[in-house]
Amino acid sequence: MLDFKSRKNSSSKTSLFFGVFGVFISAVVITAGSWWLLPKLGFVGLTAREYLAIGTIFSSTDTVCTLQVLHQDETPLLYSLVFGEGVVNDATSVVLFNAIQKLDVSRVDGRTVLHVIGDFFYLFLTSTALGVTAGLVAAYVLKTLYFRRHSSVREISLMILIAYLSYMLAELLQLSGILTVFFCGILMSHYAWYDVTNSSRITTRHVFATMSFIAETFIFLYVGMDALDIEKWKMTKLRFGTLMAIYSTLILLILLGRAAFVFPLSALSNHLNRKAERTEVITFKHQIIIWWAGLMRGAVSIALAFKQFTYSGVTWDPISATMITNTIIVVLFSTLVFGFITKPLISYLIPHHESIIIRHGELAVPKDDLNVPLLSFEESTATNIGRAKDSLSLLIERPISTIHSYWRKFDDSYMRPIFGGPVTSQSQC
């Protein structure tokens, strides 16, 4: 289950921008670079749609290795940024990939670009709405239709089945299943998590963690066995030097595509939050770690590559076989090489004593800024107008904190009483 109750709401917004806009920027860099460089290396035959698919395939990150090294208690801001950006990145990559599959590449112009953007937002919004609906249904069923008889078996089964049902419905409706189940998990952790017993919470956490570990293990076992498929390597029909040049080019494009959005978006985030009285600034050391955290490629890249260049896992085309082997090499190289360097790099940039100082030096958003109440029908018009002016000026000065505070008020007043969850006091906002 995803922890939706993070103390750093601003970091969740930043990770959302990193995950969504980062995929677009990285995909553009990788697509343009591969379109220009790969033919110069002697690798020709890819279509326009396949070049666009390459951009999305190698834009999907795998931050598992970095999250194993980072600690949420010591560096909560950095952990939230890396974790949030990682999960949103995977979902965005899949949605963008599906949008590209519907693209008519026979004529590419401004209207085509707008069509791709429109398809992306359609898939993103409809998949999100389906996931939110499924999460709310799960919470409502667990809260109101249980007839005061709790059973861990039924509670856990209900959560798993509704989450899986949301995924299946998304696939049947040709939406993004991964994005749907992602938002379904967010809503279930925010509401349904509090409607079940403590034993169900503990069991559910371990069950989902075990299922996730088994799934990742099977994926990497499959990648390892496929890397030993000699027929695919023979089918490429390229010299060893050419293959090494292609691998190096893809790794270089991944490095450049990652840097093209991490550093500019970090600077933009610091600029937008400069007026807020907060200490969690994304420093240059943090930016390097965020950049490095997204260099590893994993399961999503493999899945998208097989979906694009194979039919049921099999291909007899030399071009497609070359792209499959390219993806496997990039995934293995980035996981092993970049993964081994991750822990020494983080230890060098953020020593243990410095992370403790950062943890104790973090300040919450001032409570006074979040205590602007909602409009009340019990008070005079002049008082309400004064509050509206204060709210408007606070919204202009600090939009993220203001919107978040009003959402918490609405959530406590209307959503939680219906779907479940403890009402948050103002001191906790």
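Visitor: What does the secondary structure of the protein come to, in helices and strands?
Guide: This is a predicted model, so let's read the fold as the predictor drew it. Among its elements are helix H2, at residues 48-57, and helix H5, at residues 110-144. The count for the protein comes to 17 helices and zero strands.

Visitor: What share of the contacts with a separation of 6 or more joins residues 24 or more positions apart?
Guide: One example of distant parts of the chain being linked is Phe24 with Phe120, 96 residues apart. Across the protein, for contacts with a separation of 6 or more, residues 24 or more positions apart account for 81%.

Visitor: How many of the residues in the protein are buried, as a percentage?
Guide: Buried here means under 20% relative accessible area. The protein has 429 residues, and the buried share of them is 47%.

Visitor: What is the mean pLDDT of the protein?
Guide: Residues at 70 or more make up 79% of the protein. Over the protein, the mean pLDDT comes out at 77.

Visitor: Which element has the lowest mean pLDDT?
Guide: The top of the ranking is helix H2, with a mean of 91. At the other end, pLDDT stays under 50 over residues 357-382, although the model has 43 contacts beyond four places in sequence for them. Where pLDDT is low, the predicted coordinates should not be read in detail. The element with the lowest mean, 42, spans residues 367-370 and is helix H15.

Visitor: And where else does pLDDT stay under 50, with eight contacts beyond four places in sequence?
Guide: One stretch under 50 is residues 357-382. The one for which the model has eight such contacts is residues 425-429.

Visitor: Back to H2: which of its residues are buried?
Guide: H2 is mostly covered, with seven of its ten residues buried. Reading along the helix, the buried ones are Glu50, Tyr51, Ala53, Ile54, Gly55, Thr56 and Ile57.

Visitor: Which element gives the largest share of the lining of the second largest pocket?
Guide: That pocket has a volume of about 430 Å³ and is lined by 16 residues, with Val28, Leu52, Ile100, Val113 and Val116 nearest its centre. H1, H2, H4 and H5 each give two or more residues to the lining. The largest share, five residues, comes from H1.

Visitor: How many charged residues does that lining of the second largest pocket have?
Guide: Sorting the lining by class gives 13 nonpolar and three polar residues. For charged residues in the second largest pocket, the tally is no residues.

Visitor: What about enclosed space: what volume does the second largest cavity have?
Guide: Rolling a probe the size of a water molecule over the atoms shows where empty space is left. The search of the whole structure finds two cavities of 30 Å³ or more. The second largest has a volume of about 30 Å³.

Visitor: Which element gives the largest share of that cavity's lining?
Guide: The lining of the second largest cavity is Gly22, Val23, Ser26, Ser59, Thr61, Asn89, Arg258, Phe261, Gly294 and Arg297. Two elements, helix H1 (9-37) and helix H10 (240-272), give two or more residues. By class, the lining has two nonpolar, six polar and two charged residues. The largest share, three residues, comes from H1.

Visitor: How do the rings of Phe24 and Phe120 pair, stacked or edge-to-face?
Guide: The search finds twelve aromatic pairs in the whole structure. For Phe24 and Phe120, the centres are 4.7 Å apart and the planes are at 85°. Planes over 60 degrees apart count as edge-to-face, so this pair is edge-to-face.

Visitor: Which of the two is buried, Phe24 or Phe120?
Guide: Phe24, in helix H1, is partly exposed at 23% relative accessibility. The other partner, in helix H5, has a relative accessible area of 1%, so the buried one is Phe120.

Visitor: Which residues do ring pairs link into a cluster with Phe24?
Guide: One link is the pair of Phe24 with Phe120. The cluster as a whole is Phe24, Phe120, Phe121 and Phe124.

Visitor: Why are Tyr79 and Phe83 separated by about one helical turn?
Guide: Their rings are stacked, 6.3 Å centre to centre with 10° between the planes, and Phe83 is partly exposed at 29%. Both belong to helix H4 (residues 76-101), and the turn follows because their spacing is four residues.

Visitor: Which residue has a positive phi although it is not a glycine?
Guide: Look in the loop between helix H6 (152-172) and helix H7 (177-190). The residue there is exposed, with a relative accessible area of 58%. Its phi is about 60°, and the residue is Gln174.

Note on methods:
Residues numbered from 1 in each chain as written. Predicted model: local features only at pLDDT ≥ 70, side-chain atom pairs only at ≥ 80, totals over all residues. Heavy atoms only, no water. pLDDT = per-residue confidence, 0-100. Contact = heavy atoms within 4.5 Å. Buried < 20%, exposed > 50% of the residue type's maximum accessible area, 1.4 Å probe, protein only. 1 Å grid on protein atoms, 1.4 Å probe; cavity = no way out; pocket = protein on both sides within 12 Å on 5 of 7 lines; lining within 4 Å. Points joined across faces, edges and corners; volume = space filled by probe spheres on them. Nonpolar A, V, L, I, M, F, W, Y, C, P; charged D, E, K, R; others polar. Phe/Tyr/Trp six-rings, centres within 6.5 Å; stacked < 30°, edge-to-face > 60°.
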